[in-house]
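Colleague: Could you take me slowly through one part of this model, the place where two helices meet, and explain each term as you go?

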Amino acid sequence: MNQMSLVGQQPPPLPLVSVAFAGQRSDFFRLVVRGAALELVTVGFYRFWLATDIRRHLWSHTELDGDAAEYTGRGKELLLGFLFALAILVPIYLAYFLISVEAERLKGFGSFPLLLAFYLFGQFAIYRARRYRLTRTIWRGVRFWMDGSGWAYAARALLWGVLVGLTLGLALPWREAALERYKMRHSHYGDLQGSFEAQGWEFFKRGWWLWLCAPFALVLFPLAPFVYAEFKAVQWRWWLSGIRFGGVRLESTLLPRALYGVYWKMIGWFALVSIISTTYFAFCAFLFTKTNGITQNHPVTPDMLTKSVPIFIMAGLGYLAFVLTLNVVMRVYLLRDVWAKVVATVLVHGIEAAADVAAKGNPVSALGEGFADGLDVAGF
């Protein structure tokens with residue numbers, strides 16, 4: 001009798017599974033420092049391979065239920081996508097330049113279509129870049145993938161952007177929810193379809209007071225990092241807790257104050273690097289004036305510029321060092337540290353639903369990443 005009562009009975013659900021990040025900060029630091037040096041040597045073109053290395057590091061050290069994800073993207077794909085996107089974007093830039101030169105009175109009129117086109121391209125790039133990254137992500141041998149139209153997403157983003165502007169930002173939570181629903185509806189893990197269940201009202205309830213603080217934060221600098229860090233924490237928690245793949249559900253316990261330290265450390269490093277760089281450039285200016293005997297009433301001549309080429313090279317190298325140092329700091333704090341803090345708060349419900357997933361979906365081109373790089377609109 002007892003055995004018969006067990007027939008057809010469903011096994012109990014597995015306990016909650018936490019996500020863990022096992023990457024070492026020192027390893028990531030060496031990776032981005034080496035990447036910055038190679039960016040300098042290759043005049044910036046190594047950034048495609050550096051972006052790939054960063055994602056591989058983050059993906060491979062993020063473990064769910066004992067298994068890490070795998071990133072299969074390649075730097076060459078990103079480079080080709082960028083070059084192909086440039087072939088589309090450069091003629092647009094050129095056409096606008098020729099219009100503005102040929103007819104100055106049309107310049108103001110021509111700027112609006114240009115900005116509109118770039119906004120639509122930017123939103124298209126965001127969608128397609130996410131699609132590319134998702135199809136290059138594999139967990140337990142099964143690929144994530146994404147379909148849907150990047151242009152349909154861009155049109156939705158444009159309409160929601162107008163509404164957000166008209167409501168002075170109040171409609172932002174509903175914009176985020178609507179666009180995320182579209183993206184997740186077209187996202188899949190094998191044959192598990194994604195969905196997004198979080199509502200705009202939930203986001204608004206958690207962060208409405210930040211909207212009231214925003215005008216003051218723009219004026220009072222010490223308030224701005226707190227407001228922004230609080231907003232990002234609320235956004236991360238809301239977004240993660242809304243993600244579904246079939247019966248798999250995510251939940252985040254990220255606290256609002258969790259990112260305070262990250263943003264303040266970033267500000268501190270930015271201030272330190274800026275002070276050092278300003279001192280260095282002041283020294284270069286001092287060398288220029290002393291070398292050429294320039295006084296207040298003494299004009300700069302072409303001979304002086306020729307004579308001071310080594311000083312200009314010094315200043316140029318200082319500028320490159322300033323930019324690359326900031327890139328290293330930003331990647332360590334705003335990529336690695338934020339990733340580690342956010343991932344550590346994620347809990348997964350119903351992981352058993354991902355046990356028997358059939359592989360499905362194919363990799364897509366890196367065109368979206370190319371647009372994203374050309375327009376500087378996407379994240380890592």
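Modeller: What follows is a close look at one pair of helices and how they touch. This is a predicted model, in which local features need pLDDT of at least 70 and side-chain atom pairs count only at pLDDT 80 or more, while totals for chains, interfaces and linings use all residues. Residues are numbered from 1 along each chain as its sequence is written, and side-chain values use heavy atoms, with hydrogens and water left out.

The pair consists of helix α9, residues 223–241, and helix α10, residues 260–292, whose axes come within 9 Å and cross at roughly 135 degrees. Helices here are DSSP runs of H or I with at least four residues, numbered from the N terminus, and the axes are lines fitted to C-alpha atoms over the stretch in contact, with angles running from 0 to 180 degrees between N-to-C directions. Helices α9 and α10 are therefore oblique to each other, since angles under 35 degrees count as roughly parallel, over 145 as roughly antiparallel, 65 to 115 as roughly perpendicular and the rest as oblique. The crossing of α9 and α10 is right-handed, a word used if the near helix is turned clockwise from the far one by less than a right angle.

On the α9 side, the contact (heavy atoms within 4.5 Å) is made by Pro225, Phe226, Tyr228, Ala229, Glu230 and Lys232, and on the α10 side by Tyr260, Tyr263, Trp264 and Ile267. Sorted by class, this contact of α9 with α10 has eight nonpolar, no polar and two charged residues, where Ala, Val, Leu, Ile, Met, Phe, Trp, Tyr, Cys and Pro count as nonpolar, Asp, Glu, Lys and Arg as charged, and the others, Gly among them, as polar.

Technical notes:
Helices (H or I, at least four residues) and strands (E, at least two) are DSSP runs, numbered from the N terminus.
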